[in-house]
Amino acid sequence: MFENLNWWEIGALLLLALLIFGDRLPAVINDGLRLVRNLRNMARNATGDLSRELGTDIQLEDLHPKAFIRKHLLSEEDEAAIRKPLQGVYDNLRADVGGVHDDLKDVASAADLRSNGTRPSTATSSTTPAPRASYDDAT
């Protein structure tokens with residue numbers, strides 16, 4: 001949540017909070033923590049009630065609709081039957097993309113003029129335009 005803030009910015013936010021709330025800052029922090037604790041307990045109670053009603057063990061992560069259906073409504077055989085037609089398509093697509101990726105790597109390495117220092121000789125070298133100078137070459 002705060003990965004893009006440095007220590008100075010966090011300190012400035014704390015100082016701003018102290019200036020805004022003053023002596024009430026510990027009470028505000030306590031109320032915020034109590035709110036988070038109550039929300040967590042409500043989520044646990046809801047999952048416990050749902051587990052009792054359905055007769056299965058449900059975790060908080062299972063409340064996502066896809067995970068819930070996959071874990072509690074489909075058997076392993078049903079899930080395998082659903083995945084089977086799509087798995088072949090996925091494997092073919094992955095192989096095709098892998099082949100295109102390899103071809104692009106080969107073309108990029110062949111076109112890289114800086115790696116070998118010479119221009120590749122082609123039969124139509126007189127009709128091909130000269131490569132444009134990049135910013136790195138000019139500096």
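## A tour of a six-helix chain

Searching the whole structure turns up two salt bridges, and we'll visit both. Keep in mind as you click around that this is a predicted model.

**Stop 1: the whole chain.** Start with everything shown as a cartoon. You should count six helices and zero strands. Walking from the N terminus, the order of elements reads α-α-α-α-α-α. Now colour by confidence. The mean pLDDT of the chain is 78, with 76% of residues at 70 or more. Where is confidence lowest, and where is it highest? The low end is helix 6, residues 135–138, with a mean of 53. The high end is helix 2, residues 25–54, at 89. If you switch to a surface view, bear in mind that buried residues account for just 5% of the 139 residues in the chain.

**Stop 2: helix 2, first salt bridge.** Select D31 and R34 and show their side chains. These two form a salt bridge, and their closest N and O atoms sit 3.1 Å apart. Both residues belong to helix 2, three residues apart, or about one turn of the helix. Are they buried or exposed? D31 has a relative accessible area of 42%, so it is partly exposed. R34, at 39% relative accessibility, is partly exposed as well. Side chains of opposite charge can pair when their charged atoms come close.

**Stop 3: helix 2, second salt bridge.** Stay in helix 2 and select R52 and D49. Here the closest N and O atoms of the salt bridge are 2.2 Å apart. R52 and D49 are separated by about one helical turn, because they lie three residues apart in helix 2. R52 has a relative accessible area of 61%, so it counts as exposed. D49, at 39%, is partly exposed.

**Stop 4: a nonpolar patch.** Next, select L13, L16, I20, F21 and V28 and show them as a surface. Together they form a nonpolar surface patch with about 420 Å² of accessible area. Which helix gives the largest share of the patch? That's helix 1, residues 7–21, which supplies four residues. Zoom in on L16, which sits in helix 1. L16 counts as partly exposed because its relative accessibility is 45%.

**Stop 5: helix 4 and its kink.** Finally, select residues 76–111. This is helix 4, with 36 residues. If you set a distance between the first and last C-alpha, expect 49 Å, close to the 52 Å expected at 1.5 Å a residue. Where does helix 4 kink? Put K84 at the centre of the view: a kink of about 40 degrees lies there. Then show P85 too, since the kink comes shortly before that proline.

Definitions and conventions. Residues are numbered from 1 along each chain as its sequence is written. This is a predicted model: local features need pLDDT of at least 70, side-chain atom pairs count only at pLDDT 80 or more; totals for chains, interfaces and linings use all residues. Side-chain values use heavy atoms; hydrogens and water are left out. Patches are made of residues with over 30% relative accessible area and no salt bridge: like charges are joined within 9 Å, nonpolar side chains (Val, Leu, Ile, Met, Phe, Trp, Tyr) within 5 Å. Accessible areas come from the Shrake-Rupley method with a 1.4 Å probe; for residues, only the protein chains shown count as cover. A salt bridge is a side-chain nitrogen of Lys or Arg within 4 Å of a carboxyl oxygen of Asp or Glu. Helices (H or I, at least four residues) and strands (E, at least two) are DSSP runs, numbered from the N terminus. Buried means under 20% relative accessible area, exposed over 50%, partly exposed in between (1.4 Å probe, protein chains only). The expected span of a helix is 1.5 Å times one less than its number of residues. The bend at a residue is the angle between axes fitted to the seven residues ending there and the seven starting there. pLDDT is the predictor's confidence in each residue, from 0 to 100.
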